[in-house]
Each structure stands twice: as C-alpha cells, then as structure tokens.
Amino acid sequence: MPQGTCQGLVPGPHSFEGIMHWAAAYIGLPWSVHGSGPDLFNCWEFVRMVQARHFGRLLPEIGNPEDMLVMGRTFRDHPERRRWAKVDPPAEGDCVLLRRSRHPIHVGVWLDVDGGGVLHCAEGAGVVFQRSDALALNGWAIEGFYRFSP
C-alpha cells in the first residue's frame with residue numbers, strides 16, 4: 001500500500017449512543033516515529049496519552065525502536081506487559097496488540113464505538129479509528145486484547 005494511505009477508515013465524528021465520543025478530537029493527529037505529543041505521536045505514546053487522560057492509568061515511557069525485530073521483542077519482553085491481562089471480549093479502554101507478521105509491533109486502544117474498533121496512531125495515516133475488517137484491509141491482525149490489572 002502506498003505511504004500515506006489507509007483503507008477502511010471510519011470517518012469522524014464518532015458518536016456513542018447519540019453523544020459525541022471523546023476520541024473524535026484525536027482523529028487525524030499525525031504519526032511520527034519519535035512523537036510523544038501533544039501534536040505528533042508514535043503508537044505507544046498515543047496509547048500512553050489516552051490511558052492517562054481518559055482512563056487514569058500512568059504508563060511508562062518506552063523507546064520506539066526503528067528496527068521491527070527489536071520492537072517485537074520490546075512488546076514481548078517489557079515488564080509493563082505483566083500489568084495487563086489478556087481478555088476476550090474487549091471493553092472500552094483495553095489495549096489491543098496488533099501484528100503484521102508473527103510478532104506484535106503496534107498497539108492501540110479498544111473503543112466501544114460503531115460496533116467496536118481500535119483507535120491507534122499509524123505510520124502514514126496518523127490517528128485513526130478502525131473496525132476489525134478495516135484493520136485487516138491495512139494488513140493488521142489482532143494479536144490480543146489486554147486489560148489493565150495492576
């Protein structure tokens with residue numbers, strides 16, 4: 001897929017039970033490999049910000065390695081992972097680990113909007129909200145849903 005495109009985007013604004021969802025304010029914010037907010041994000045820094053602002057969870061800073069193998073190992077081995085329990089089905093605010101090959105290399109936040117989907121910050125697209133079918137169109141597979149359990 002060409003750089004800067006993302007298929008299956010759900011256009012904003014999003015509503016939940018007729019009320020504007022808080023996530024609509026983030027749609028379209030740009031991605032940057034080392035972005036840490038407030039105007040540029042990588043996937044982890046975006047998840048950190050959402051978890052702090054909307055769910056009261058303070059998550060650690062984790063460097064964003066540009067090497068995909070190192071990134072996969074970071075997601076697999078980081079101590080922060082022990083504070084999250086794998087769950088199914090997901091609930092609003094759960095983290096979603098995504099992969100394009102064997103190992104997860106991307107993370108987003110599950111939202112109970114429009115039947116459920118993932119709010120995430122992706123290279124070439126920025127912050128988007130996508131349902132499972134749109135994630136698959138863009139080459140993402142859901143590795144699992146994770147709920148904070150300190």
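Is R147 buried, partly exposed or exposed? At 30% relative accessibility, R147 counts as partly exposed, where buried means under 20% relative accessible area, exposed over 50%, and partly exposed in between (1.4 Å probe, protein chains only). The legends below describe a predicted model, in which local features need pLDDT of at least 70 and side-chain atom pairs count only at pLDDT 80 or more, while totals for chains, interfaces and linings use all residues. Residues are numbered from 1 along each chain as its sequence is written, and side-chain values use heavy atoms, with hydrogens and water left out.

**View 1. The salt bridge between D94 and R147.** A salt bridge is taken as a side-chain nitrogen of Lys or Arg within 4 Å of a carboxyl oxygen of Asp or Glu, and a search of the whole structure finds 3 of them. In the pair shown here, the closest N and O atoms of D94 and R147 are 2.8 Å apart. The contact links distant parts of the chain, since D94 lies in the loop between strand 3 and strand 4 (95-99) and R147 in strand 8, 53 residues apart. Helices (H or I, at least four residues) and strands (E, at least two) are DSSP runs, numbered from the N terminus. D94 is buried, with a relative accessibility of 2%.

**View 2. The salt bridge between E143 and K86.** Here the closest N and O atoms are 3.7 Å apart. This pair also links distant parts of the chain, with E143 in strand 8 (residues 141-148) and K86 in strand 3 (residues 84-87), 57 residues apart. E143 is partly exposed, at 21% relative accessibility.

**View 3. Helix 1 and the salt bridge between R48 and E45.** The closest N and O atoms of R48 and E45 are 2.8 Å apart, and because the two residues are 3 residues apart in helix 1 (residues 43-55), they are separated by about one helical turn. R48 is partly exposed, with a relative accessible area of 21%, whereas E45 is buried at 10% relative accessibility. Among the other buried residues of helix 1 are W44, F46, V47 and M49. The expected span of a helix is 1.5 Å times one less than its number of residues; for the 13 residues of helix 1 this gives 18 Å, which agrees with the 17 Å between its end C-alpha atoms.

**View 4. The two ends of helix 1.** At the start of the helix, a side-chain oxygen of N42 reaches to within 3.1 Å of the backbone nitrogen of W44. Just after the helix, G56 takes a positive phi of about 65 degrees.

**View 5. Polar contacts of H21.** A polar contact is a pair of N or O atoms within 3.5 Å; within protein, one must be able to donate a hydrogen and the other to accept it, and residues adjacent in sequence count only if both atoms are side-chain atoms. H21, in the loop between strand 2 (19-20) and helix 1, is buried at 7% relative accessibility. Its side chain makes a polar contact with the side chain of E92 (2.9 Å), and a polar atom of the H21 side chain lies 3.0 Å from the backbone nitrogen of A23.

**View 6. Backbone geometry at P38, P89 and D114.** The peptide bond from G37 to P38 is cis, with omega near 0 degrees, and P38 is found in the loop between strand 2 and helix 1. A cis peptide bond also joins D88 and P89, where omega is about 10 degrees. D114, although not a glycine, has a positive phi of about 50 degrees.
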